[in-house]
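Reader: Could you take one part of this model and look at it closely with me, explaining the terms as they come up? I would then like to hear how that part connects with the rest, in one continuous answer.

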Amino acid sequence: MCRSILTVLRGTQQVNSRKARRLLDKSKTFHVVCGVSICVFSVVHVCAHLVNAVSFSVRYSDDFPALNVAQHRGQVTHTHTHTHTHTHFPGITGVILVLILFLMFTASSYSIRVCNYEIFWYTHNLFILFYIILMLHVVGGALKYQTNVDTHPPGCIRTNQTNSSSYTSSNQVPETQTKAELKEMPHITVCKEDAHFQHHFPQTWLWVTAPLCLYCAERLYRYIRGSAPVTVVSVIRHPCDVIELRMLKSGFKARPGQSYFINILCVCVCVCVYWFQCPTQNKETFGVHIRVLGDWTVSLLVGKQRKSARDQILLGLTVCMCVCCSGGWSQYRLRRLYVVWVCRELQCFYWFANLLCDLHHKLWEENRPDYLNIRLYLTNTQQLQSFSEERFRLLSSRLLIGRPRWKDIFGEIGRSNQHKKVGVFCCGPKSVSRELHKLCNSFSASGTVFEYNKESFS
Amino acid sequence: MGKIEWAMWANEQALASGLIYLTGGIVGVAGQLKGWEYAAFGIAAGVFVCLLEYPRSKRAKGTNYERTGQYCFTVCVKAFGPLTSNYYVRAFLHAALCVPGGFMLATVLGCVCLGMASLIYLSAAIHGEHWQPIMPKSEPAKSVTQSIKHPPQNPPPRPPAEMRRKRAEDLESAAYVNPLPVTANE
């Protein structure tokens, strides 16, 4: 979740291997795996503590009272007195830790993230409290170790002990033997002093501190970078409830494919969501397209003060747009770009119609007409729709009605680019994403290798 | 914050705490720990809570995410009417169910988690939310006539009748054979 650090790593020459970069792309999956592991092992830990509680109760030691956690023998299993084994400090911290973990875990499910992102966001920020309490969890704990094993080795005989009922049979000493006789017997050692026990030193901080410091540094860096204000240069309204924000930030150069965390203070206190940017003709400004879905996006439109938050779905395919629109394709080793855009309504294509046409003209003038291949698919087959404007003629000739047949598209791309690596970037619903992923993995004709990449917004 | 659906989160929490309650109860009964009667109650309460919370409610606005195979549970829960659709009732029910768990070590966690879920349900009820069943959408049967949008009004274009008729002076080039001999027009 250290996104700035990941961005830096991805950008450096050190991480040149494609495999390493794809591993960095899976950072979110890794985070989820870590979270699930923490939950699973916490369950194991709690169960172990329960078993410990039973053990402490059954094996209550009269000889070494300092070792006991139970208040008397059979506290948990037999007697009828009320139990208080978990009211000491580690018990309380343990319950609080499990409660925080429970809150974080239940708020992280897919449906909650999609429907109420802010519940997920705010509960996830409880992790700071979790880590602090975790480091205090072992203080004054139940686990102790003996500090003076050399002067009081295990199995030694105490000189002032008259009955030997609590010793094992190998240490049974008949009462008739005197102290002097005891000293002479070679296999019996006499304790020089009583056993001393001490709590284990907390060691959690050794494991947790370094990553926590890294994350704190990352958040500080993000805060410093984000403290400079951003000016909204223009707001353009597109059909189908989409607005385009053009922004300007001093000392900031937008690069293609970047994602942004936008904190809009006039609308709400702090709601931060990720957006993908789309470079504009003017190199100074950068723009984002936002679909108006919830109340805060509506209030952004009308400029009123309102409370915020809803899920917001960004329209797809801005990632690849950014790569080609930046004009710096020479540095990206990209030979050809296929844009396959599937929409329900024709109006949606107008969001990027100008951009696509300008790009096409620019490429035509640079004598690279085969660089960009646009395919627009309209899934709403109720009535015949087409681009009526003359300037969008190149788009209307590339408009196809109906759902795309991915296998045919893959076959065509494979035939045109034999023995090459094709990166597939998918941004859309899960069903399409799954189908594409399967096709990428199974497609083997014409020697082309398809690498699947997916963008997720939750 | 805008329209947060507290009930969705409370539902996830209640389902998870039902499972924790159930697990704690099983441990308590299996280990024959002190207060195992509370653990037995915990098992029953855990199962009941899981069954009650399994079907997700329909959202006021937006896509519904059903749990796998939740339809039969939806039907059962819907049958109880206002007892299950009102979140005040659910909040107090969960609060009442979680109390006995606090008396036993193994079910303490289930008690605390269910208590949290109860509080969030109370918050959902205060915000005016209520449980609605997700019923499967019955799609109207597509009538066959709809697929024929505009049948053609005119027959296909053909050459005029004089061109199509067999000519007496050129019988071999005709496309068909007449049963009666062809004579020229008088």
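**A close look at one span**

Author: Along residues 119-139 of chain A, the chain is 76% helix and 0% strand, and the C-alpha atoms at the two ends lie 32 Å apart; helices (H or I, at least four residues) and strands (E, at least two) are DSSP runs numbered from the N terminus. This is a predicted model, in which local features need pLDDT of at least 70 and side-chain atom pairs count only at pLDDT 80 or more, while totals for chains, interfaces and linings use all residues. Residues are numbered from 1 along each chain as its sequence is written, chains are lettered from A and ligands numbered from 1 in the order written, and side-chain values use heavy atoms, without hydrogens and water.

The span was chosen from a record: in an unreviewed entry, UniProt marks residues 29-51, 89-107, 119-139, 257-276 and 313-332 of chain A as "transmembrane region", with positions in the numbering used here, feature names shortened and annotations possibly inferred rather than shown by experiment. Another of those spans, residues 29-51 of chain A, is 100% helix and 0% strand, with 33 Å between its end C-alpha atoms.

To see what the side chains do here, it helps to begin with the aromatic rings, of which 10 pairs are counted over all chains; rings of Phe, Tyr and Trp (its six-membered ring) pair if their centres lie within 6.5 Å, as stacked with planes under 30 degrees apart, edge-to-face over 60 and tilted for the rest. One of these pairs is formed by Tyr110(A) and Tyr65(B), which meet edge-to-face with 5.8 Å from centre to centre and 85° between the planes. Because Tyr110(A) belongs to helix α5 (residues 110-115) of chain A, while Tyr65(B) sits in the loop between α2 (36-53) and α3 (71-78) of chain B, this pair joins two chains. Both rings are partly exposed, Tyr110(A) at 33% relative accessibility and Tyr65(B) at 23%. Within our span, Phe127(A) and Tyr131(A) also form an edge-to-face pair, since their ring centres are 6.1 Å apart and their planes stand at 90°.

These two residues both belong to helix α7 (residues 127-136) of chain A, where their spacing of four residues separates them by about one helical turn. An α-helix has 3.6 residues a turn, so residues three or four places apart point the same way. Phe127(A), at 17% relative accessibility, is buried, whereas Tyr131(A), at 24%, is partly exposed; buried means under 20% relative accessible area, exposed over 50% and partly exposed in between (1.4 Å probe, protein chains only). The pair is also part of a cluster, in which ring pairs link Phe127(A), Phe130(A), Tyr131(A) and Tyr215(A).

From Tyr215(A) we can step along the sequence to two cysteines. The whole structure holds zero disulfides over all chains, a disulfide being a pair of cysteine sulfur atoms within 2.5 Å. Cys213(A) is accordingly in none, and its nearest cysteine sulfur, that of Cys216(A), is 6.3 Å away. For Cys216(A), the closest cysteine sulfur is that of Cys213(A), too far for a bond. Both residues are partly exposed, Cys213(A) with a relative accessible area of 47% and Cys216(A) with 41%.

Elsewhere in chain A, Lys192(A) lies in the loop between α8 (179-184) and β2 (197-199) and is exposed at 70% relative accessibility. Although Lys192(A) and Cys156(A) are 36 residues apart along the chain, their C-alpha atoms are separated by 9.1 Å. In helix α14 (residues 406-416) of chain A, by contrast, we find the buried residues Trp406(A), Ile409(A), Phe410(A), Gly411(A), Ile413(A) and Gly414(A).

Turning to chain B, the partner in the pair that joins two chains, we find eight helices and zero strands, in the order α-α-α-α-α-α-α-α along the sequence. Of its 186 residues, 37% are buried. For this chain UniProt, again in an unreviewed entry, lists residues 12-32, 38-56, 68-89 and 101-122 as "transmembrane region". Residues 12-32 of chain B are 90% helix and 0% strand, with end C-alpha atoms 30 Å apart, whereas residues 101-122 of chain B are 68% helix and 0% strand, with end C-alpha atoms 20 Å apart.
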